[in-house]
Amino acid sequence: MLNYEIDPVLLGAFVPRGTELDSFEGKTYVSLVGLRFARTRLFGSISVPFHTDFDEVNLRIYVRRREAGELRRGVVFIREIVSLPLVTLAARTAYGENYMTLPLRHSISFTGSGGSVEYSWKFQRQPYRMRGLASGSGSRANEGSLEQFISEHYWGYTRRRDATSLEYHVSHDPWRIWRATNVTFEGDGAGIYGAELGRVLARTPDSAFIADGSAVLVYAARRIE
């Protein structure tokens with residue numbers, strides 16, 4: 001998870017109606033995240049052959065919304081990349097997410113004492129890669145830390161073409177986290193994410209960490225006003 005501080009003015013067009021940008025200690029962030037889906041099932045029990053284990057790279061921002069006195073902190077995906085066309089179709093249909101299909105690869109050499117994680121892909125024949133190293137024992141994010149803010153959002157929001165918004169709940173246990181070093185993102189970020197976001201991704205991340213995932217449950221989306 002590579003995290004970049006960003007001018008909130010650059011993100012206004014991505015914020016779904018009914019939500020507002022969230023921040024940590026007055027700073028707004030955008031994150032480039034590489035992850036592995038494993039043993040994926042639909043409706044809790046249906047496994048689709050050849051679609052249970054796959055990679056994803058997404059660029060996301062953080063928003064919040066109040067509902068009946070509850071503050072819901074969530075994420076909005078600017079762009080999600082997967083290598084399976086059926087996953088792209090399902091995500092666009094069910095959640096209205098901005099998925100695209102590209103060849104993705106991973107190289108993960110990681111144990112309880114650290115290692116390396118890398119995701120790579122190509123777009124218009126141009127190579128892209130994100131990579132990080134970590135050592136030592138991971139631990140749960142400290143209460144009130146940036147790592148907790150980035151990793152513990154339990155709502156997702158989507159801005160639809162008709163200007164309405166979708167909301168869905170995500171449930172998972174808190175993750176073990178390692179601070180990442182020797183972090184790199186290589187590639188023309190402007191080619192996929194546009195010139196302004198491309199310039200942000202060309203910088204060294206303001207923070208980076210590797211997380212050991214857990215079982216995740218994604219609930220059905222609903223329309224919000």
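The dialogue below walks through the strands, one sheet and the overall form of a predicted model.

Trainee: How many helices and strands does the protein chain have in this predicted model?

Mentor: The protein chain has four helices and 17 strands. Its radius of gyration is 17 Å, close to the 17 Å that the globule rule gives for 225 residues, so the chain is as compact as a globular protein of that length. Along its principal axes, the C-alpha trace spans about 45 × 45 × 35 Å.

Trainee: What order do the strands take in the open sheet of four strands?

Mentor: Strands of a sheet pair through backbone hydrogen bonds, and the pairing is either parallel or antiparallel. Here the order is E7-E8-E9-E14, and the pairing is antiparallel. Strand E7 (104-111) and strand E14 (181-186) stand at the edges with a single partner strand each, so one side of each is left without a neighbour in the sheet. From one strand to the next, the twist averages 10 degrees.

Trainee: How many bridges join strand E9 to E14?

Mentor: Four bridges join E14 to strand E9, residues 126-135, and the two run antiparallel; within this pair, Arg 129 stands opposite Glu 186 in E14.

Trainee: Which strands pair with E3?

Mentor: Strand E1 (residues 2-5) is joined by four bridges to strand E3 (residues 29-37) in an antiparallel arrangement, and Leu 2 has Leu 32 in E3 as its bridge partner. E3 also pairs with strand E4 (residues 54-67), again in the antiparallel sense, over eight bridges, with Val 33 opposite Asn 58 in E4.

Trainee: What percentage of the residues count as buried?

Mentor: Taking buried to mean under 20% relative accessible area, 44% of the 225 residues of the protein chain count as buried.

Notes. Residues numbered from 1 in each chain as written. Predicted model: local features only at pLDDT ≥ 70, side-chain atom pairs only at ≥ 80, totals over all residues. Heavy atoms only, no water. Pairing = 2+ DSSP bridges. Axes fitted to C-alpha atoms, helices over the stretch in contact; angles between N-to-C directions. Rg over C-alpha atoms; globule rule 2.2 N^0.38 Å. Buried < 20%, exposed > 50% of the residue type's maximum accessible area, 1.4 Å probe, protein only.
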